[in-house]
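Welcome! Please take a moment with the sequence and the 3D view before reading on.

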Amino acid sequence: MTTSPSIQRTNHRIISHELLTPVSHIVGYADILLEEANAQGSEQCVAALQRIFEAGHRLSELVDARMKAPGWAGTSADLASLDTELVQPLGQILSAGAELRELAADTAFPDFADLDKITSAAQHMCERIGNLANLAHPSHTAQAVDPLAALDTQPPATDGSGMILVVDNNPANRDILSRRLERLGYTVDWAEHGLHAIEKLQDQPFDLILLDMMMPELDGYAILSRLKSNPKLRHLPVIIISANHEVESVAACIELGAEDYLIKPFNPVLLGARITAALNKKRQYDSELSYLHQIEQEKKRADDLLHIVIPIGIALSSEKNLNSLLEKILLGARALCNADGGTLYLRTDDDQLQFVIARTDSLGIAMGGVSGDDIPFAPLRMYDEATGAPNAHYVVTHVALNGESINIPDIYAIEDFDVSGTRSFDRQTGYRTISLLTVPLKDNSNRVIGVLQLLNAQDRATGAVIPFDSGLQQMIESLSALAAIALEAYAREQRLYKQIEDLRIEIDEIKKQREVAAITGSKYFRQLQAQTRELRQSANETSASPALPHDSDHTTDVVQQSTGEPSASPTTAFPHSTADNGHSQAPRHKLAPERRVYTINDQPIVVREQGPSRGQVVLLIHGWSSSWYALSPLLPTLSERYRCLAVDLPGYGESPPGRGRATIAGYADVLAGLIRQLSDRPALLIGHSMGGMISLTLALNHPDLVERMVLLCPTISGRLSLFIQMFISPVTMLERFKLADRLVSAFESQFLGITDRLMRPASFAERTGITEHDYHHLRQDARRRGQGLVRAECYSAMQKGDLRGKLSRIKAPSLVLWGMEDNTVPLRDASAVVDEWPEAELRVIPKAGHWPQFETPVVTQRHIRGFLSTPLKLLKVEF
């Protein structure tokens, strides 16, 4: 039967591969062992291995010469003739192998595993010659199958790391190549067939592929074709290493894009040279590609500067509203580099960096500007307050002091700056701050007037956080320069407006003086003055009717019925106490708190109300033996934004006692009714001492009515200090009985003196800042007549109202302020806040006792304002 030419070529390639593969193993392992033997200095081993190496090359020459001889057809007769010629070199290899095995027993060299691979290759070569005769039948021809549907793109390596992928289905071939390459210093990975190679190329980048041609599943031609048709991988160099030395095969591989072609068994020196040349070419291409990418980036930055930065600068220069200007600066910078968050600081006259606007999209934080909430953060000092030394520990202050930008790829990896605040914020919110770019804003004199800080630049395609590259930094610095110009122009314009207004006022004042002088100097005005004097003289001679008494508290009286509508006529149901003269010297003005009466389930409640009628309700709840005046220092500040109601609890101040026994839960229910009557929104509670216990009970029993709370020295366990129990509680217990209450009232003047001696050490710090006026008002409230029974009932109710073990059920964010020297409700109750109540933050105030709102008013009000102005969402995340 005649065999077709195509089948003959296929058989020729298979026979060549099957014969030359074991020859490659013999030569390759012999070469490796020769290097090791020379290093060991074993002359006998070197001689034996040299014989194997030469015999291997003789085998390669014989096979190559026979298969190239005229008339060679790969028939059984051809293979039998070849077998006769190969007997001698194969015998030399096996003989030298036996000699080396005897030497290894004495010298522990060479490695038995490598020696076995050589002798095994020689033995199997004889067997393969007989088996190859079957390939003359056409049914045994091999056909390449292309199972590859698609190849995911994988970017090539750009750092020239020398990562080489060896693709060969023969383990010995892979082992020889891998060991040889690793000795040359390359990093090597391997694949046992074509599909495995495709998976490797998908997972990681390589710099070079050494590819065998004849493999199962997916042969070398198919892999080469797919690689070169892929735009991302077509420039990855491939060197073919094959036993097939046919010119047609070599030409086909070169046409498909192979970089080079080596025939097995390969020369190690030649292989190293070809690999070096291929990698150098690859690195040159990568360098050109990187340079092209840089050019494209520069072009994009130029376009951004022309179409983004300059238009933003024009928009800034035309903005007349400061908050809107600040918002445009920050939002424009974030949009330019796709940053998740950012903050803008402005420098104050006393060298502090004031937070003016902050945004973080992924957390929903928006503070400052036109559309954000108030910013509760204190400014950052550029210089130490005590020593005057520069405060360069923080990134922001360092940039403000030095006037140079700082670009940080990962803020957790730096050690030069204090980033504890950032780490704390990340822990509380679950956020992860990574990249940070901080840029100064400088005026025309090169003075830093502000700082722009951006965080977490994001890849526009994937959304992953990336560093701010140098190009983005230059763009932001350009934008910052335009922003500084806009801010300086705004400030200059405002100064000009102020100068014009001052000039206008001065002109108006001069004009007014002239007009007044003209009027007062007229004859008509002198006649009016004479008539006025005559009227005053007549009035003095007439008996005047007694003046109607009025409240010395300078509060406006309004009765509030259960409908919530104020009455037009003043109330007379609950006359004002003469003790409520805490601000009798203060002038009347429209912002003074109004005295109102609300009725809740037939229980009148007297309050002092101040602030916008549509503002959110803030309920201020006093403590034991006190009145609304206990929280009066907070009204002026809080009423600017909130509708504040400082209550007199039933039985205290001017509110009449309730019908039943006074209890903490009963007070909480009455105040819950008041909140429902005032607003359909949850209220803010500020409770002092026993008022803190009432606030906590209200939050437990009516959680839907409480948004957040501020508690000042709250009673939690119900246990007061030993001092209170020994000296004050006996008097309180006496007041439970009517006869004893009358006796106490009869000697009230003496009890005021006793109260004075007992109240100061129990309630106030040693260096208290309370004024004498406020102290006497609080003392009078503590001994107000007719309130002995309710004081005794509340004292007992506090002892029975222990809230420990219940605090964890309160979900409203809360701020707890405690005086460090409080001897009324000692700090031991504060441990319950720390141990049981994750939704609360405890702050201890130095130089304060039981009345921090009077003793340290500035510090106390700053804590409260900051807490109330913090967005509720951020509070819930923080606590």
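What follows is a short tour from the interior to the surface.

This is a predicted model, in which local features need pLDDT of at least 70 and side-chain atom pairs count only at pLDDT 80 or more, while totals for chains, interfaces and linings use all residues. Residues are numbered from 1 along each chain as its sequence is written, and side-chain values use heavy atoms, with hydrogens and water left out.

Let us begin inside. The largest nonpolar core has 55 residues, and Met690 and Trp837 touch the most other members. Helix α16 (residues 664–678) supplies the largest share of this core, nine residues. Apart from it lies another core, of 51 residues, including Ala48 and Met125. Such a core is a set of buried Ala, Val, Leu, Ile, Met, Phe, Trp, Tyr and Cys residues joined through side-chain atoms within 4.5 Å.

Contact here means heavy atoms within 4.5 Å. Beyond neighbours within four places in sequence, Trp837 is in contact with residues including Leu696, Met709 and Ala832. With the same kind of neighbours left out, up to four places away, Gln453 touches Gly341, Tyr345 and Thr438, among others.

Two residues can be set side by side:

| Residue | Element | Relative accessible area |
|---|---|---|
| Gln453 | strand β12 (residues 448–458) | 12%, buried (under 20%) |
| Ile500 | helix α13 (residues 470–520) | 37%, partly exposed (from 20% to 50%) |

The side chains of Gln453 and Thr438 are joined by a polar contact of 3.0 Å.

How values were computed. Helices (H or I, at least four residues) and strands (E, at least two) are DSSP runs, numbered from the N terminus. Buried means under 20% relative accessible area, exposed over 50%, partly exposed in between (1.4 Å probe, protein chains only). A polar contact is a pair of N or O atoms within 3.5 Å; within protein, one must be able to donate a hydrogen and the other to accept it, and residues adjacent in sequence count only if both atoms are side-chain atoms.
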